[in-house]
Amino acid sequence: MKHNYSPSRFSRRIALPLALLFAAQMPFAPSASAQEEEDREEVRVLRASELSREQVSDEYRRRAREARHREMDFAKDLLRGGNLQGERSAELMLRLADLYFQEGRDIFYAEMEAHQRDFDACFNNPNCDTATMTADNHRSAEWQDKSIRLYRRILQQFPNFNRADEAVFYLATALQDTGSREDAIEQFQHLVRIYPDSEFVADAYIQIGEYYFDENNAYL
């Protein structure tokens with residue numbers, strides 16, 4: 001798969017941490033409230049400190065990544081436990097796929113920042129040729145591929161999932177963000193055909209229209 005990732009224009013839903021989401025229904029689930037309160041307090045202290053804006057941003061991103069990985073681990077443990085069935089299993093898989101997507105996006109930004117630093121250094125070096133430089137996006141691509149595989153698995157295992165339209169839409173956007181535009185358009189078209197009442201249909205039509213406009217071919 002060719003990866004040419006660009007940040008998605010679509011906002012992904014803000015979900016409650018999985019530990020909080022499942023705590024009420026699963027008595028063995030650990031509480032995340034203490035850790036989250038600690039994270040919030042440390043971020044508040046950082047913002048009030050004399051650290052530079054860039055340092056605060058880097059620290060915030062680091063903590064966000066740590067929290068994301070804790071949530072990933074929690075989700076995978078629940079899925080491996082085999083205690084979830086049907087819709088609840090599909091819900092958890094959908095959240096995990098979204099976490100994979102977020103991780104890939106975050107790593108992509110870091111990769112491109114590193115590439116920009118290398119490019120700037122090369123540009124100012126008369127013995128360096130910027131035309132030979134390309135960004136190394138293999139790590140972000142791995143996470144994006146994981147999200148795509150999981151979206152496909154959800155749709156295969158749970159065809160009647162009440163949020164299947166959402167899984168199709170985010171599968172399409174992940175494909176588009178990783179450079180698989182034709183595959184993405186197939187998914188957008190599938191969405192508007194199979195789920196005409198979905199809240200994601202309007203955005204899907206925009207993507208379909210833009211694709212055929214770029215291809216100089218009216219979409220019928």
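Before anything else, a word on how secondary structure was assigned: helices are DSSP runs of H or I with at least four residues, strands are runs of E with at least two, and both are numbered from the N terminus. What you have in front of you is a predicted model, in which local features need pLDDT of at least 70 and side-chain atom pairs count only at pLDDT 80 or more, while totals for chains, interfaces and linings use all residues. Residues are numbered from 1 along each chain as its sequence is written, and side-chain values use heavy atoms, with hydrogens and water left out.

With that assignment, the protein chain contains 8 helices and 0 strands, and reading along the sequence gives the pattern α-α-α-α-α-α-α-α. Of its 220 residues, 40% count as buried, where buried means under 20% relative accessible area, exposed means over 50%, and partly exposed lies in between, with a 1.4 Å probe and protein chains only.

Let me turn to the middle of the chain, and to helix 5 and helix 6. The expected span of a helix is taken as 1.5 Å times one less than its number of residues. For helix 5, residues 138-157, the 20 residues should therefore span 28 Å, and the end C-alpha atoms are indeed 28 Å apart. The buried residues in helix 5 include W143, L150, Y151 and I154. Helix 6, residues 164-177, has 14 residues and reaches 20 Å from its first C-alpha to its last, which is close to the expected 20 Å. How much of helix 6 is covered? It is mostly covered, in that 14 of its 14 residues are buried. Just after helix 6, G179 takes a positive phi of about 90°.

In the loop between helix 5 and helix 6 sits R163, which counts as partly exposed because its relative accessibility is 23%. The C-alpha atoms of R163 and A90 are 8.7 Å apart in space, although these residues are 73 apart in sequence.

That brings me to charge pairing. Side chains of opposite charge can pair when their charged atoms come close. Here a salt bridge is a side-chain nitrogen of Lys or Arg within 4 Å of a carboxyl oxygen of Asp or Glu, and by this rule the count comes to 15 salt bridges.

One of them joins E59 and R63, with the closest N and O atoms 3.1 Å apart. Both E59 and R63 are buried, and because they are 4 residues apart in helix 3, residues 53-81, about one helical turn separates them. Another salt bridge links the side chains of D106 and R65, at 2.7 Å from N to O. Since D106 lies in helix 4 and R65 in helix 3, this pair ties together parts that are 41 residues apart in sequence. D106 is buried, its relative accessible area being 10%, whereas R65, at 25% relative accessibility, counts as partly exposed.

The loop residue R163 also takes part, forming a salt bridge with E166 whose closest N and O atoms are 2.9 Å apart. E166 is buried, with a relative accessible area of 5%. Elsewhere, salt bridges that share partners join R61, R65, R68, E103, D106 and E113 into one network. Of that network, E113 is found in helix 4, residues 86-123, and at 37% relative accessibility it counts as partly exposed. E113 and A135 are 22 residues apart along the chain, and their C-alpha atoms are separated by 9.5 Å.

Finally, the later part of the chain. Which residues gather in a patch of negative charge on the surface? They are E182, D183, E186 and E215, and E186 lies in helix 7, residues 181-194. Such patches are made of residues with over 30% relative accessible area and no salt bridge, like charges being joined within 9 Å and nonpolar side chains (Val, Leu, Ile, Met, Phe, Trp, Tyr) within 5 Å. Asp and Glu count as negative, Lys and Arg as positive, and His and the chain ends are not counted; the charge is placed at NZ of Lys, CZ of Arg, CG of Asp or CD of Glu. Areas come from the Shrake-Rupley method with a 1.4 Å probe, and for residues only the protein chains shown count as cover.

In helix 8, residues 201-214, we find Y205, which is partly exposed, with a relative accessible area of 44%. Y205 and L191 are 14 residues apart in sequence, and their C-alpha atoms lie 9.4 Å apart in space.
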